[in-house]
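I am opening a notebook on a structure that is new to me. My plan is to look up cysteines, metal and cavities, in that order.

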Amino acid sequence: MMDSDAFFVELPKVELHAHLNGSLSSATMLELKRFHADSGLEDKTNAFFDEFQIGAGDTRGLSDCFQVFSIAHSLTSTPDSLALATRLTLQEFQDDGCCYLELRSTPRDTPHMTKLQYIETIIKAIRKASVHLTMITTLIVSINRNQPLGEADEIANLAIECFKKYPENVVGIELSGDPMAGTFQSFIPALTKARGAGLKVTLHCGEVCNPKEVLEMLKFKPERIGHGVCIHPKYGGTDETWSLLCKLKIPVEVCLTSNVNTKSTPDYDSHHFQYLHEAEIPIILCTDDKGVFATSLSREYQICVKTFAMTYSQAARLSLNACQYVFAHNTRKMLNDKILNFIEKHSL
Ligand code: IMP
Ligand code: ZN
């Protein structure tokens, strides 16, 4: 049997919850800084570059986490730097053994590009990278809860436009950003419109204690939810929120290190993973922001196995199960076969 690090890298994995600007590694950020300097662009990141990563012992919590993204944003404000960030990040996910990536990002107007150019830049970078990568990448367009409603509607329209133009690249829409900002209800019209056009929906749900909103989100029946921390009564949910999730069995994108480092959960041992697992709610292990939280998907699998005393076979089956929930339906069988091959090769 190969060593543990190698096993978890070699295990083919699907990543379904990765924010582009939160996924920039230190190496990618340095490369982007060099690119910025070479392009003669003003670099405002020097003073706070070291503050990008949030570790477990960090005094910053979930709300502070949202400030660090502006550091990454300052390095992805031109089409060329955004394309470079996408290319380098895709390569890192593939090098870590991902066979399918659903990348998500919030379109921004910058002095150098419009929201449409932002989305199309990422799509073009994905298409270009697909020539030499074996990993398949698709895009989920993000709406930030902090954005005014008009902007959410604009983003939904752009997502629909790009979905029609690049159906094999754009697969979904999602709601993220500071969970204390805005209300889910107000985003329902934009999300419903996108869903009506064929886009799949995933929602950051239950990152903070808000049972009323969790119920509204679950009743909307998104294809998946992210985090799902405050749903079980032990974690700030109620009997009603938990029993509805158990009934609907909506797959949860679980981000262990993200939850620990932002203090949504005190430590790995007390993570709600165990409750989801026991209730047979589908779980997809994800990284969320691998750059900010200095992690990788193989590391998240390794942590999961160690924390919850799982076997390698159970870890491989977690990955196998996850491929049922990818938004690009036409890739499911191929991903399933790839992971099954690995399982058979290693007699798991
Ligand atoms: P971007 O969408 O590529 O710019 O990635 C960064 C953005 O993702 C942030 O500005 C947030 O809106 C969102 N995001 C990243 N991590 C989280 C999280 O843990 N909860 C909610 N939103 C998040
Ligand atoms: Zn997230």
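Is Cys230 buried or exposed? I looked it up: Cys230 is buried, with a relative accessible area of 8%. I note here that I am working with a predicted model.

**Cysteines**

Next I searched the whole structure for disulfides and found 0. Cys230 is in none, and its nearest cysteine sulfur, that of Cys209, sits 5.7 Å away. A disulfide would need the two sulfur atoms within 2.5 Å. I checked Cys246 as well. Its closest cysteine sulfur is in Cys205, 13 Å off, and that is too far for a bond.

**Zinc**

Which atoms coordinate the zinc ion (ligand 2)? I list His17 (NE2), His19 (NE2), His204 (NE2) and Asp288 (OD), at 2.1 to 2.2 Å. Along the chain, these donors follow the spacing H-x1-H-x184-H-x83-D.

I then placed two of the donors. His204 belongs to strand E5 (residues 200-205). Asp288 is in the loop between strand E8 (283-285) and helix H12 (297-307). The pair therefore ties together parts that are 84 residues apart in sequence.

I also looked up how accessible they are. His204 is buried, at a relative accessible area of 8%. Asp288 is buried too, at 5%.

The geometry came next. I read angles of 83 to 168° among the 4 donor atoms, and the site is irregular. For comparison, I wrote down that the ideal angle for four tetrahedral donors is 109.5 degrees.

**Cavities**

How many cavities of 30 Å³ or more does the whole structure hold? My search gave 2.

The largest has a volume of about 70 Å³. Its lining includes Arg145, Gly177, Pro179, Glu207 and Asn210. His204, one of the zinc donors, is also among the lining residues. So is Cys205, the residue whose sulfur I had compared with that of Cys246. Strand E5 and helix H8 (211-219) are the elements that give two or more residues to this lining. By class I recorded 4 nonpolar, 4 polar and 3 charged residues.

The second largest cavity has a volume of about 40 Å³. I noted its lining as Ser105, Pro107, Tyr118, Ile119, Ile122, Leu139 and Val141. Helix H5 (115-129) and strand E3 (136-144) each supply at least two of these residues. The largest share, 3 residues, comes from H5. This lining has 6 nonpolar residues, 1 polar and no charged ones.

Methods. Residues numbered from 1 in each chain as written. Chains lettered and ligands numbered in written order. Predicted model: local features only at pLDDT ≥ 70, side-chain atom pairs only at ≥ 80, totals over all residues. Heavy atoms only, no water. Buried < 20%, exposed > 50% of the residue type's maximum accessible area, 1.4 Å probe, protein only. Donors = N, O, S within 2.8 Å, 3.2 Å for Na, K, Ca; no water. Tetrahedral: all angles 85-135°; square planar, octahedral: opposite > 155°, others 65-115°. Helix = DSSP H or I, 4+ residues; strand = E, 2+ residues; numbered from the N terminus. 1 Å grid on protein atoms, 1.4 Å probe; cavity = no way out; pocket = protein on both sides within 12 Å on 5 of 7 lines; lining within 4 Å. Points joined across faces, edges and corners; volume = space filled by probe spheres on them. Nonpolar A, V, L, I, M, F, W, Y, C, P; charged D, E, K, R; others polar.
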